[in-house]
Amino acid sequence: MVVAGLVLCGLAALVHGFIFYLESFAWTGPRARAVFGTTAEEAAALRLMAFNQGFYNLFLAVAVLLGIVLYAAGQPAVGATLVLAGAGSMAAAALVLLLSSPDKAAAAVKQGLLPALGVLALAVGLAL
């Protein structure tokens, strides 16, 4: 279960790395606007906010990936802590999105399902 949790959280980190790219570098482009459902005018107005938000996603992804590396390198307590904190924050942010903007449920599931399943699998694996 630990390996399954680490794999799921690793995949979640990759998704959040892609979200970082979309929000911080491709925000005003057609692909990012299609993903986030914004017009060119909305994207331009929200560009700085999205740039900043993208880095939050990057930092969560880095924490998870660093935790996986540390866990694999024989530091299970520190590694698991970083993975659980990073992926748990991803899942919590998705829950906030779902509760605050029910019309964005699909986005919340896309960003929150992998880390939530990863946290659950990792927690069960560590408890056994």
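Colleague: What covers the buried residues of α3?
Modeller: This is a predicted model: local features need pLDDT of at least 70, side-chain atom pairs count only at pLDDT 80 or more, and totals for chains, interfaces and linings use all residues. Numbering runs from 1 along each chain as its sequence is written, and side-chain values use heavy atoms, without hydrogens and water. Helices are DSSP runs (H or I, at least four residues), numbered from the N terminus, as are strands (E, at least two). Buried means under 20% relative accessible area, exposed over 50%, partly exposed in between (1.4 Å probe, protein chains only); contact means heavy atoms within 4.5 Å, and the cover over α3 (40-72) includes α1, α2 (30-36) and α4.

Colleague: Where is the kink in α3 centred?
Modeller: The bend at a residue is the angle between axes fitted to the seven residues ending there and the seven starting there. In α3 the kink is about 60°. Its centre is R47.

Colleague: Which element gives the most to the largest nonpolar core?
Modeller: A nonpolar core joins buried Ala, Val, Leu, Ile, Met, Phe, Trp, Tyr and Cys residues through side-chain atoms within 4.5 Å. The largest has eleven residues, including V2, L6, V83 and L122. Two or more residues come from each of α1, α3 and α4 (76-100). With five residues, the top contributor is α1.

Colleague: How many Å separate A116 and M90, C-alpha to C-alpha?
Modeller: M90 is one of the core residues. A116 sits in α5 (residues 105-127) and is partly exposed, at 35% relative accessibility. The two are 26 residues apart in sequence, but in space the distance is 8.0 Å.

Colleague: Which residue forms a salt bridge with K104?
Modeller: A salt bridge needs a side-chain nitrogen of Lys or Arg within 4 Å of a carboxyl oxygen of Asp or Glu. The count is one, with the closest N and O atoms 3.5 Å apart. K104 is partly exposed at 38%, whereas its partner is exposed at 65%. That partner is D103.

Colleague: What is the area of the nonpolar surface patch that M1 helps make?
Modeller: Patch residues have over 30% relative accessible area and no salt bridge; like charges are joined within 9 Å, nonpolar side chains (Val, Leu, Ile, Met, Phe, Trp, Tyr) within 5 Å. Areas are Shrake-Rupley values with a 1.4 Å probe; for residues, only the protein chains shown count as cover. M1 lies before α1 (2-24) and is exposed, at 55%. Together with L120, V124 and L128, M1 makes a patch of about 450 Å².
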